[in-house]
Amino acid sequence: MKRFEEKVVIVTGAGSGLGQAATLQLAEEGAKLVLVDLNEAGLKETEEKVAAIAPQAEVLLIAANVADEDAVKGFVDATVDKFGKIDGFFNNAGIEGKQNLTEDFGIDEFQKVVSINLNGVFYGMKYVLKVMKEQGSGSIVNTASVGGIRGVGNQSGYAASKHGVVGLTRNSAIEYGQFGVSIKAIAPGAIMTPMVEGSLRQIDGDNWEEVGKEFVKPNPMRRFGKPEEVGYLVAFLLSNQADFINGVVVPIDGGQSYKY
Ligand code: NAD
């Protein structure tokens, strides 16, 4: 399947985990890619993986902080300058933050998590939607989380920001459907990426793999999700096959968020 031939897609958080997995699926399907991340080494790694599976793929790497509005405007402008349009946007970069009870959750930590996970997603939508509205087409996938649709605990900043991402998704989806633009969110459960490894290490540093085994026992599928499983979902949602899917939040969590 080559759903992305002649399509231009921006991916944030492309240097690791879910962003990297989605990038590889999009590259395999012919996309021209603008890959954004704070971590330049991660971007290079993703570029090498793309070159291995899709040597013809056109790739633009941009080191940028999504919490910096000017930097976001900069990567959107750079995309239009190089490729002339934006067909898809995986608005994905995010962090978990330090786990703590609400009363102990530092104000600085709260603001840091919200500035990346929520402000960053808003800036991305603000500048990409302007371009997509003018084109009369486009699709955005925002990365929320199960922590954006359920209470997880010890994650004030993460919960506030990811519930906020769901709100932004629904609000803008209602506004931009009339311009041929669809906006959806995904709500991943625990997918084994460096972020989840870091989360398990916060619970028990030396013993994190054992903690992980216990962690997935209540999951109906008894396992972590795989980054490529999220990549397949994101590629579908960004493709023209999903043009009439708008404003939804799609859980990808083995069914855990539906369990009583
Ligand atoms: P990850 O840590 O493997 O990758 C995140 C990437 O985002 C990293 O490359 C990092 O450098 C980049 N990044 C972080 N802050 C940035 C910033 N300010 N500007 C630009 N880039 C920045 O994590 P992941 O698991 O791939 O997470 C990706 C997204 O998925 C996040 O929004 C996360 O909250 C969400 N998510 C992940 C899971 C999971 O289980 N892995 C579950 C639910 C939601």
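This passage describes one helix, the surroundings of a ligand and one lysine in a predicted model. Residues are numbered from 1 along each chain as its sequence is written. Because the model is predicted, local features need pLDDT of at least 70 and side-chain atom pairs count only at pLDDT 80 or more, whereas totals for chains, interfaces and linings use all residues.

Helix 2 (residues 40-53) has 14 residues, which at 1.5 Å a residue should span 20 Å, and its end C-alpha atoms are indeed 20 Å apart (helices being DSSP runs of H or I of at least four residues, and strands runs of E of at least two, numbered from the N terminus; the expected span is 1.5 Å times one less than the number of residues). Within helix 2, G42, L43, T46, E47 and V50 are buried (20 or more other C-beta atoms within 10 Å of the residue's own, against 12 or fewer for exposed and values in between for partly exposed, with C-beta atoms placed from the backbone). The buried residues fall within an arc of 140° seen down the axis of helix 2, so they line one face (the arc being that of the directions from the helix axis to the C-beta atoms). On the other side of helix 2, A41, E48 and A52 are exposed.

Around the ligand there are 29 residues, of which G13, S16, G17, G94 and M195 come nearest (a residue being near if its C-beta atom, placed from the backbone, lies within 6 Å). Helix 1, helix 4 and helix 6 (194-203) each supply at least two residues of this shell.

K133, found in helix 4 (residues 107-135), is partly exposed, with 16 other C-beta atoms within 10 Å. The C-alpha atoms of K133 and G180, 47 residues apart along the chain, are separated by 7.5 Å.
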